[in-house]
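Visitor: I should like to understand the terms applied to this model and the values that justify them. Could you take me through them in order?

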Amino acid sequence: MGMVVGREVVWRRRVAHVGIWLALALILYPFANMLWQAVTAYSTAETTTRWWPSFTSDHLLMVLGWRDQVDEYGGRMAARVEFWLWMWNSVKVAVITTAIATSLALTTAYAFARLRFTGRASLDNLLYMSHFFPGVLLAVAYWSIFDRIGDTFPTIGVDTHGGLVLALTGQATLGMVWAFKGYFEQLPLEIEEAARIDGATDWQTFRAIALPLARPMIVVMVLLLATSLMYEPMLSAALLTGSDTATLPIGLGRFTVAAGSGGNGSSVALHEFAAAALLASLPGVIVFVVTQRWMDQSVAGSVKG
């Protein structure tokens with residue numbers, strides 16, 4: 001009987017291992033395919049019957065602006081590729097939005113978690129209900145609002161980074177308030193009460209006690225928010241229309257070349273698109289790799305404290 005049980009355990013482990021490897025293959029396949037498309041090419045359209053393509057860095061060099069902007073078959077890109085500008089626009093919008101949203105979310109979340117004021121329960125319910133409406137449903141409303149605001153304040157109208165920052169800040173703050181509120185409620189209340197007995201105000205308690213204790217959560221939320229905002233496609237596509245204000249998601253959608261014998265229509269420049277997507281993903285990967293050790297230390301320090 002014991003032998004039968006042993007065989008069942010071995011069989012289950014094998015099935016689990018196969019399932020894990022299949023899951024990893026499904027997860028890694030898109031990234032592997034993107035990398036493959038970015039570094040391979042056929043020399044001409046007539047040689048596409050070759051079963052093994054050649055390796056090249058031309059796609060990456062073209063995206064970086066170090067090579068003429070044509071695809072591997074000689075077709076010129078339908079729109080100018082300005083990868084560095086798109087990258088700068090994405091980083092700028094992400095950093096500014098993250099700084100504003102984090103500041104607003106921290107103070108608001110602490111007020112909901114620790115302070116008692118009139119209408120707190122109703123506002124808490126509204127905050128909860130706001131998570132049932134995805135931001136994409138508000139894209140048209142945002143465009144209409146900022147189109148009218150732009151007539152009076154051009155710096156925060158449509159096709160401006162100021163308008164996009166305001167729209168993204170509203171969306172990001174709601175989600176962060178809910179996360180920070182739950183974290184603040186789990187912090188030991190006795191430390192804050194002791195500080196208030198010693199004469200500390202609510203602001204001093206928040207700044208000197210709550211914020212240091214919440215540092216691990218703040219670090220994680222800031223990194224997640226900043227990287228997600230860099231690649232935010234919906235509101236960016238709705239509010240940004242010009243080439244000078246385009247961010248990475250919008251720029252990646254412009255990798256098309258003229259198609260058809262008469263030059264009508266367009267087709268996706270697949271290899272160039274894959275190269276741009278690969279390069280665009282590097283900042284997020286680098287940020288997490290560089291800060292991973294510091295994040296672990298922050299979490300460990302918080303637990304020990």
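Guide: The answers below set computed values against definitions.

Guide: This is a predicted model, in which local features need pLDDT of at least 70 and side-chain atom pairs count only at pLDDT 80 or more, while totals for chains, interfaces and linings use all residues. Residues are numbered from 1 along each chain as its sequence is written, and side-chain values use heavy atoms, with hydrogens and water left out.

Visitor: How many helices and strands are there in the protein chain?

Guide: The protein chain has 12 helices and four strands. Both are DSSP runs numbered from the N terminus, helices being H or I with at least four residues and strands being E with at least two.

Visitor: Why is leucine 248 called buried?

Guide: Buried means under 20% relative accessible area, exposed means over 50%, and partly exposed lies in between (1.4 Å probe, protein chains only). Leucine 248 has a relative accessible area of 0%, and is therefore buried. This residue lies in helix H11 (residues 248-252). Across the protein chain, buried residues make up 36% of the 305 residues.

Visitor: What does leucine 248 touch?

Guide: Not counting residues up to four places away in sequence, leucine 248 touches Phe83, Trp86, Met87, Ser90, Met230, Tyr231 and Ala280. A contact requires heavy atoms within 4.5 Å. Leucine 248 and methionine 230 are 18 residues apart in sequence, and their C-alpha atoms are 7.3 Å apart in space.

Visitor: Why is tyrosine 128 called partly exposed?

Guide: Tyrosine 128 has a relative accessible area of 44%, so it falls in the partly exposed class. Glutamate 193, at 41%, is partly exposed as well. Tyrosine 128 lies in helix H4, and glutamate 193 in helix H7 (residues 189-197).

Visitor: What makes a nonpolar patch on the surface?

Guide: Its residues have over 30% relative accessible area and no salt bridge, and nonpolar side chains (Val, Leu, Ile, Met, Phe, Trp, Tyr) are joined within 5 Å; like charges are joined within 9 Å. A salt bridge is a side-chain nitrogen of Lys or Arg within 4 Å of a carboxyl oxygen of Asp or Glu. The nonpolar patch here includes Phe117, Tyr128, Trp178 and Met234, and its residues together have about 1200 Å² of accessible area, a value from the Shrake-Rupley method with a 1.4 Å probe, for which only the protein chains shown count as cover. Helix H4 (residues 120-129) gives the most to this patch, with four residues.

Visitor: What distinguishes a cavity from a pocket?

Guide: On a 1 Å grid over the protein atoms alone, a cavity is a set of points where a 1.4 Å probe fits but cannot get out, whereas a pocket is an open set with protein on both sides within 12 Å along at least five of seven lines; lining residues have an atom within 4 Å of a point. A volume is the space filled by probe spheres set on the points, which are joined across faces, edges and corners. The search of the whole structure finds one cavity of 30 Å³ or more, and the largest cavity has a volume of about 40 Å³. Among its lining residues are Ser90, Leu164, Met230 and Ser236. Serine 236 is buried, with a relative accessible area of 2%.

Visitor: Which residues are closest to the centre of the largest pocket?

Guide: The largest pocket holds about 250 Å³ of space. Of its 14 lining residues, Leu168, Gln171, Ala172, Leu229 and Glu232 are the closest to its centre. The largest share of the lining, five residues, comes from H6.
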